[in-house]
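Hi,

Here is the structure I promised to pass on. Have a look at it first, and then read my notes below.

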Amino acid sequence: MRPAPTLPDAQTVTEVEHYTDRLFRFRVTRPKSLRFRSGEFVMIGLMGDNGKPLLRAYSIASPSWDEELEFYSIKVPDGPLTSKLQHIKAGDQIILRPKPVGTLVLDALLPGKRLWFFATGTGIAPFASLMRDPDTYERYDEVIMMHCCRDAAELEYGRQLVESLPEDPLIGEFIGDKLKYYPTTTRDDFANKGRITTNLTSGKVFTDLGLGIDRLDPETDRGMVCGSLAFNIDMKEVLEGYGLREGANSDPAEYVVEKAFVD
Ligand SMILES: Cc1cc2nc3c(=O)[nH]c(=O)nc-3n(C[C@H](O)[C@H](O)[C@H](O)COP(=O)(O)OP(=O)(O)OC[C@H]3O[C@@H](n4cnc5c(N)ncnc54)[C@H](O)[C@@H]3O)c2cc1C
Ligand SMILES: NC(=O)c1ccc[n+]([C@@H]2O[C@H](COP(=O)([O-])OP(=O)(O)OC[C@H]3O[C@@H](n4cnc5c(N)ncnc54)[C@H](OP(=O)(O)O)[C@@H]3O)[C@@H](O)[C@H]2O)c1
């Protein structure tokens, strides 16, 4: 039997997995009333030392059909929340405000042929949700996940997830061969190197994936961007250089952007 909630909006941690000394993922119970669109974020946290909730924005990394909720998290050594959150274990409780919001949703994009996910670091979290949503593959013929981190250990969460998807009993048949994965690093000896912006503007990613294109086309290509502020700014410039326009829930267009964290 689950322990009685002692926190406001309490949910129980069901699983925790650590990848590096900076990154971990965890799963929690899902409030019965919580409906969200893949790609959205919620406020989660713990009770602070002052007796008030200490909350931060977190992308939901699990798909909307999942019975539980998954989160993929940084561990900031002196971060008010994550210096504590990194120590949670199964059976502990966290606070989860059930009000999902965000711009990285399929509804904010016009229909197209090819959907690009561009992420640095923990910015892969919303795409971990969208990559597991059948709607993604119903709307697009090709889905390309570009993820860039400083070193290979930081790619591990995404790599394990992507590699598990074709065999997944629930989502595998929707994915077929539509999902292409392009992980890169910038500071170690990984096979595939370079910033996302560089691999787009040089055309390397198009050649390496054998896409038969030499640029993104606003008629067919759609993009979703999630990373640091500097990355988001540079990506906007690259995408607008191809003629893509920024969309929103109320005004769908060719690409959308969200911060993975506040610098
Ligand atoms: C829309 C949105 C969605 C977010 N989704 C996630 C998510 O899914 N997973 C996640 O780990 N964080 C996410 N964040 C960041 C998160 O809200 C917190 O900042 C993070 O949990 C650290 O909290 P903290 O209190 O320990 O430190 P904070 O005081 O919040 O941050 C301290 C410093 O750590 C750095 N930092 C914070 N978060 C990150 C990060 N994710 N990656 C790299 N450096 C970081 C920044 O330099 C920041 O100034 C999101 C932020 C926004 C705005
Ligand atoms: N990752 C770590 O091992 C580490 C360790 C301790 C502290 N930190 C701190 O944590 C914060 C976040 O680090 P992070 O590694 O998660 O994120 P990050 O510094 O944004 O880097 C993540 C990836 O994005 C690339 N990138 C950064 N800016 C870009 C831009 N404008 N355009 C295209 N690509 C860009 C980086 O390439 P480049 O390598 O070319 O910049 C890197 O491969 C930073 O303040 C950092 O100092 C990180």
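Below is what I found, going from the whole chain down to one sheet and one helix.

First, a caution: this is a predicted model.

**Overall**

The protein has 8 helices and 11 strands. Its radius of gyration is 18 Å, close to the 18 Å that the globule rule gives for 263 residues, so the protein is as compact as a globular protein of that length. Along the principal axes, the C-alpha atoms fill a box of roughly 55 × 35 × 35 Å. Of the 263 residues, 39% are buried. If you take contacts between residues at least 6 apart in sequence, 72% of them join residues at least 24 apart.

**The sheet**

There is an open sheet of 6 strands, and reading across you get E4-E3-E6-E1-E2-E5, with antiparallel pairing. The edges are strand E4 (53–59) and strand E5 (68–74); each has a single partner strand, so one side of each is left without a neighbour in the sheet. From one strand to the next, the twist averages 40 degrees.

Inside that order, strand E1 (residues 10–18) sits beside strand E6 (residues 93–101). These two pair in the antiparallel sense over 3 bridges. If you want a spot to zoom in on, try threonine 12, whose bridge partner in E6 is glutamine 93.

**Helix H8**

The other element I spent time on is helix H8, residues 229–241. With 13 residues, H8 reaches 18 Å from its first C-alpha to its last, close to the 18 Å expected at 1.5 Å a residue.

Which residues of H8 are buried? They are Phe231, Met235 and Leu239. These cover an arc of only 60 degrees around the axis, which puts them on the same side of H8. The cover over these buried residues includes two helix and strand neighbours from earlier in the chain, strand E7 (114–120) and helix H6 (196–201), along with strand E10 (221–227) and strand E11 (255–259).

Turn H8 around and the face away from its buried side carries the exposed residues Leu229, Ala230, Ile233, Glu237 and Gly241. Leu229 and Ile233 are among the exposed ones, whereas Leu239 belongs to the buried set.

After H8 comes glycine 243, which has a positive phi, near 95 degrees.

Happy to go through any of this with the model open.

Cheers

Methods: Residues are numbered from 1 along each chain as its sequence is written. Chains are lettered from A and ligands numbered from 1 in the order in which they are written. This is a predicted model: local features need pLDDT of at least 70, side-chain atom pairs count only at pLDDT 80 or more; totals for chains, interfaces and linings use all residues. Two strands pair if DSSP finds at least two bridges between them. Helices (H or I, at least four residues) and strands (E, at least two) are DSSP runs, numbered from the N terminus. Axes are lines fitted to C-alpha atoms, for helices over the stretch in contact, and angles run from 0 to 180 degrees between N-to-C directions. The expected span of a helix is 1.5 Å times one less than its number of residues. A residue is buried if 20 or more other C-beta atoms lie within 10 Å of its own, exposed if 12 or fewer, and partly exposed in between; C-beta atoms are placed from the backbone. The arc is that of the directions from the helix axis to the C-beta atoms. Two residues are in contact if their C-beta atoms, placed from the backbone, lie within 7 Å. The radius of gyration is taken over C-alpha atoms; the globule rule is 2.2 Å times the number of residues to the power 0.38.
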